[in-house]
Amino acid sequence: MSTTILVVEDEPAIQELISVNLSFAGHKVLRAFDAEQAQALIRAELPDLILLDWMLPGASGITLARSLRSDERTRNVPLIMLTAKGSEHDKVEGLEAGADDYITKPFSPKELVARIKAVLRRRAPQLTEDIVEIGTLRLDPATHRVSGAGQALSLGPTEFRLLHFFMTHTERVFSRAQLLDKVWGDHVFVEERTVDVHIRRLRKALEPTGHDVHIETVRGAGYRFAAQPQV
Ligand code: CA
């Protein structure tokens, strides 16, 4: 799955270098030169991760980081701070402002891509291409294949994303609204009962190998993927 990354960097050469490398690594890249541009882009499309330079003209990166963290919509977007500063004090300030990681300039593109992958793995594992296996159920994001006990299962694109999200967030109960937000994306206006339709399709797709029992309905709350379902 292509991940959308917003790069907020005022130095054109660095912004270009980062963007080229991220595109090459398979990400979709949005670019901003300052906090104001970044906010406008975020309003239009919520990125999956934000790379944020500390020193920006106008509002600083740290100010933007704080405002992103205080806004319900952007609170959970993974955030990596980029900076020339390397002191312990600045690092602490960055992390306190809500950054998930901190990269000191100069950095190699290879390191940047690796750090992004690590943050996504921790904060949004459904966006990585890592194979997920739970019991005998196996999902491969790179090839878009799902199998149960070695038998191939056929899933539609939405059911695939739903299952990927569930398998990377087991045991937790998600409301329909939360699933819409996480799987369909924000700014997508669909009715909550759409979730029920796709849950039904997902269960049906998993039925041939009996893995539909993983998807549990929690009355009055939503749905949960149980790693070890009670049958
Ligand atoms: Ca800068």
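Rings of Phe, Tyr and Trp (its six-membered ring) pair if their centres lie within 6.5 Å; planes under 30 degrees apart count as stacked, over 60 as edge-to-face and the rest as tilted.

1. A word on the basis of this note. The model is predicted, with local features needing pLDDT of at least 70 and side-chain atom pairs pLDDT 80 or more, while totals for chains, interfaces and linings use all residues. Numbering runs from 1 along each chain as its sequence is written, and side-chain values use heavy atoms, leaving out hydrogens and water.

2. There are two aromatic pairs in the structure. Trp54 and Tyr102 meet edge-to-face, at 6.5 Å centre to centre with 80 degrees between the planes. Because Trp54 sits in the loop between β3 and α3 and Tyr102 in strand β5 (residues 101-104), this pair ties together parts 48 residues apart in sequence. Both Trp54 and Tyr102 are buried (under 20% relative accessible area; exposed is over 50%, partly exposed in between; 1.4 Å probe, protein chains only).

3. Phe165 and Phe174 have ring centres 4.9 Å apart and planes at 65 degrees, so they too are edge-to-face. Phe165 counts as buried at 1% relative accessibility.

4. Now to strand β3, residues 49-53 (helices, H or I, of at least four residues and strands, E, of at least two are DSSP runs numbered from the N terminus). Five of its five residues are buried: Leu49, Leu51 and Asp53 on one side, Ile50 and Leu52 on the other.

5. Strand β3 runs parallel to β1 (residues 4-8), joined by four bridges (pairing takes at least two DSSP bridges). Leu52 is the bridge partner of Val8.
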